Amino acid sequence: MEMTLDAILEAYNAHGRVWETQERVRDYIRDHSLYSFQDRIESVMANYALMLDYLERGFKDDKRDRFYQEAVAETYRLIQDLRIADRKKTNPSYKVAAAHAATVNMDQAEIRNRLEGFVADQAMLALEPDSVRQERHRALYERHTDYVSRLFDSIFVSSQWSEAEMGFYLDLLSSPTVDILDVQVLVSAVTLSCVNVFDPRKQQLLCDLFLASADEHVRQRALVGWAFSLRWDEKMMLDRQRRSALKLMAHDTGCRQLMELQKQMVYCVNAEADNRKIQRDIMPTLLNNSHLQITKFGIAEKEEDSLRDILHPDADEKAMDEVEATIAKMREMEKSGSDIYFGGFRHMKRYAFFYTLSNWFVPFFTDHPYLRNFIGKHPGNDVILGNVLSGGPFCNSDKYSFAFAFSQVIDRIPDNLKEMLRGGSVGMVMVPESEQQSPAYIRRMYLQDLYRFFQLYSSKGDFTDPFLSTRHAGEPNVFVGIGDIFGGTQMGLWYLDFLRFVSKFGAADSLGCRGAVTDICAFHQDPDNRDYQLFVAYDHLKYGDPEQALPVFRRLTDCDPHDEWALKGLVRYYLLRHRYDDAEKVCRQLVDLRPGHIVYQLNLCVCLISLGRSNEAMPTLYKLDYEHPDHPDVQRVLAWGQMNGGKYVQALGVYQKLCAGPSVAPDDWLNQGYSLWLTGDVAAAVASFRRYVEQMGRKLPADVDVLMEAFGKDADFLSKQGVSETDRRLIVDLASRSS
């Protein structure tokens with residue numbers, strides 16, 4: 001059976017058999033008449049066959065390891081070059097980029113001359129007379145922007161790089177004689193190329209550029225590109241990836257910046273959830289208080305609404321407090337890393353500008369040819385854009401969107417407002433210059449540019465989305481969780497911080513990182529770090545294998561018998577396993593440690609009730625009920641103790657109160673059903689059981705097993721109350737029939 005190139009690469013990464021892979025590549029080239037690759041495969045196979053022949057004859061060769069590694073790499077390069085060639089034929093974005101690339105002279109001297117010549121031409125413009133300077137300025141930027149766009153496409157679809165090519169681009173992109181905006185665009189081209197078809201030398205360039213460049217914008221683009229191109233499934237290139245990771249982490253702030261980047265990526269992936277939160281919790285407040293306006297001096301009442309002061313003297317003060325709190329909430333979301341502007345700008349990416357691939361990665365500058373017509377219409381428009389956008393908290397992509405939208409309405413803006421805009425007198429949320437130049441801020445803005453591209457580009461399906469995991473479907477890409485690359489490195493010092501960070505994600509409206517957490521806990525062992533051990537053990541309790549948590553908690557309590565978190569973990573484990581006698585002993589330790597802690601006392605009472613000693617638990621429960629009459633958990637355990645003690649009527653009163661309250665839980669309906677059942681009101685019990693099934697998000701009769709499972713878990717309790725298995729099955733049938 002013929003194998004696809006992807007299948008050949010996957011098999012090669014899985015087993016690493018060079019000769020078998022070379023034979024498959026040879027057959028693929030022959031079957032698809034790819035004559036341009038014929039000489040390469042024959043040369044690769046001939047060299048490898050010669051090495052095998054020397055080995056078979058018993059010759060010793062000190063260079064054999066090096067020759068073998070070269071054969072491994074060359075076979076890999078050949079497969080990847082074939083994949084790129086295939087994409088140029090079948091992938092629409094690659095086809096368009098390849099057509100553009102065909103018009104570019106890729107001679108290295110020519111590339112350097114064109115890029116450095118542009119910087120010289122800019123300087124010469126200052127010597128031109130005013131009468132011709134503007135037109136020559138426009139022509140220069142149009143010509144150069146077109147060239148950089150075609151060069152971007154050339155790098156994007158380029159084959160696997162040689163050492164010489166990598167060295168050339170490293171020297172070029174770290175050179176002070178090349179315009180820094182051009183460098184940023186070309187770094188993104190390398191990133192896009194390496195993310196879609198992995199190239200170890202392009203990835204190495206990104207690592208080296210982060211370490212070598214003097215410009216922070218270039219460094220951060222390179223760092224993001226390097227991280228985005230990390231691949232756990234490229235087994236043949238894992239050693240190279242690990243070496244570059246070690247090199248990068250040896251930098252003074254390498255580990256910290258990588259972990260910051262990882263967190264920022266998770267925030268980006270959850271932009272949709274943040275947008276829903278803004279629409280649900282923030283926008284209604286702003287819309288309901290539209291009579292207020294936000295100025296550079298704060299929030300003020302509009303003049304035409306001054307009558308409100310007479311009719312509702314306190315309303316405006318309360319409204320201002322609401323709006324200020326809402327805006328503060330948005331700013332806090334933004335400060336923490338949330339992409340709060342994604343929802344607003346996502347519908348503004350249909351301008352012609354965004355149909356050119358490279359434009360998604362261009363830093364915002366008012367000399368861009370797509371902006372010159374707008375700016376050239378009216379003197380001072382560039383000043384307006386500069387004032388509005390220079391300090392605003394928007395990524396480059398959103399700045400272009402804003403500029404194009406603004407150009408369509410500027411003619412309708414009153415002259416006095418235009419003057420205010422030119423003078424910078426209109427209040428906006430501005431980011432201090434010091435913050436704008438910080439690595440974290442630069443990186444966040446670039447990540448937002450990339451996220452918009454991979455989410456909103458018209459042909460986004462042609463690209464691999466680096467924000468999403470290829471290992472754990474539906475999760476963010478957690479690159480620090482690749483154990484073969486980061487296991488046993490300095491990154492281990494940062495894992496606990498990251499695990500705590502991602503633990504807040506994974507709710508219904510956000511993407512969690514369960515797979516990555518499991519990976520990290522599996523490959524990273526830190527037995528001397530108590531906090532890390534606790535996190536791993538609790539994670540096993542909640543999501544993994546609880547049996548793996550038990551020895552951790554025991555070891556920690558052996559070291560410190562008063563370790564409260566470890567003791568709490570033991571209680572959770574014992575309760576989960578219904579080992580109530582063991583749980584009772586630990587609960588008593590916790591109560592002695594913290595006598596006033598309600599939860600510890602309630603857990604002890606649950607153990608006593610479950611052990612058939614509810615009479616011992618009731619005095620404590622009545623005392624807690626007196627001291628905390630509205631505490632729902634106290635009410636629940638009290639009612640459970642009453643039921644176990646045969647006081648069904650008293651328990652029913654408590655459950656009816658819980659089911660009518662604001663904090664009702666599904667189990668409250670289940671237990672209310674038990675108390676009704678045991679007092680003889682079977683019809684009402686059946687109705688309560690049906691509400692339990694509904695509260696569990698299920699529906700009868702299709703999900704009747706939900707009720708049967710609940711009865712099974714409480715079988716010991718029901719048996720002690722004289723309820724037979726037959727009665728249980730009949731009640732289940734009643735609940736199902738009445739539906």
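This report walks through the fold, the empty spaces, some buried residues and a few backbone oddities of a predicted model.

## Overall fold

Helices dominate the element list here: the chain has 39 of them, alongside 2 strands. Of the 739 residues in the chain, 49% are buried. If you look at contacts with a sequence separation of 6 or more, 67% of them link residues 24 or more positions apart.

For a sample helix, take helix 23, which runs over residues 439-456 and so counts 18 residues. Its end-to-end reach, from the first C-alpha to the last, is 26 Å, close to the 26 Å expected at 1.5 Å a residue. Helix 23 is largely enclosed by the rest of the structure, because 15 of its 18 residues are buried.

## The largest pocket

The largest pocket has a volume of about 1300 Å³. Its lining takes in 32 residues, and the ones closest to the centre are Y580, V606, W640, D667 and D714. Several helices give two or more residues each to that lining: helix 31 (598-610), helix 33 (632-644), helix 35 (666-678), helix 37 (704-713) and helix 38 (715-720).

Helix 31 is the top contributor, with 6 residues in the lining of the largest pocket. Sorted by class, the lining comes out at 17 nonpolar, 5 polar and 10 charged residues.

## Closed cavities

Rolling a probe the size of a water molecule over the atoms shows where empty space is left. For this model, a search of the whole structure turns up 3 cavities of 30 Å³ or more. The largest cavity holds about 50 Å³ of space, and its lining is made of A73, Y76, R77, Q160, W161, D199, P200, R201, M237 and R240. Helix 4 and helix 10 (200-212) are the elements that put two or more residues into this lining, and helix 4 gives the most, with 3. The class split for the largest cavity is 5 nonpolar, 1 polar and 4 charged residues.

The second largest cavity comes in at about 40 Å³. Around it sit S188, T191, L192, V195, F228, F361, Y446, L450, F454 and P466. Helix 9 (180-196) and helix 23 each supply at least two of these lining residues, with helix 9 giving the most, at 4. By class, the lining of the second largest cavity has 8 nonpolar and 2 polar residues, and no charged ones.

## Two buried residues in helices

D81 belongs to helix 4, residues 64-90. At a relative accessible area of 5%, D81 is buried. Leaving aside residues up to four places away in sequence, D81 touches F37, R40, S159 and Q160. Q160 turns up again in the lining of the largest cavity.

H144 sits in helix 7, which spans residues 130-156. H144 is buried too, with a relative accessible area of 8%. Again skipping residues up to four places away in sequence, the contacts of H144 are R114, L115, F118 and D182.

## Cysteines

How many disulfides does the structure hold? The count is 0. C587 is a good case to check: the closest cysteine sulfur to its own is in C607, 4.1 Å away, and that is too far for a bond, because a disulfide needs the sulfur atoms within 2.5 Å. C587 counts as buried, at 1% relative accessibility. C513 is also buried, with a relative accessible area of 3%.

## Backbone oddities

Most residues other than glycine have a negative phi, and most peptide bonds are trans. A few spots in this model go the other way. The peptide bond joining L700 and P701 is cis, with omega at about 5 degrees. P701 is placed in the loop between helix 36 (682-695) and helix 37.

Then there are the positive phi values. S33, which is not a glycine, has a phi near 50 degrees; S33 lies in the loop between helix 2 (18-31) and helix 3 (38-56). With a relative accessible area of 37%, S33 is partly exposed. H578 has a positive phi as well, about 60 degrees, and is not a glycine either. Its place is the loop between helix 29 (564-576) and helix 30 (580-593). Is H578 buried or exposed? H578 is exposed, with a relative accessible area of 55%.

Note on methods
Residues are numbered from 1 along each chain as its sequence is written. This is a predicted model: local features need pLDDT of at least 70, side-chain atom pairs count only at pLDDT 80 or more; totals for chains, interfaces and linings use all residues. Side-chain values use heavy atoms; hydrogens and water are left out. The expected span of a helix is 1.5 Å times one less than its number of residues. Buried means under 20% relative accessible area, exposed over 50%, partly exposed in between (1.4 Å probe, protein chains only). Contact means heavy atoms within 4.5 Å. On a 1 Å grid over the protein atoms alone, a cavity is a set of points where a 1.4 Å probe fits but cannot get out, and a pocket is an open set with protein on both sides within 12 Å along at least five of seven lines; lining residues have an atom within 4 Å of a point. Grid points are joined across faces, edges and corners, and a volume is the space filled by probe spheres set on the points. Ala, Val, Leu, Ile, Met, Phe, Trp, Tyr, Cys and Pro count as nonpolar, Asp, Glu, Lys and Arg as charged, and the others, Gly among them, as polar.
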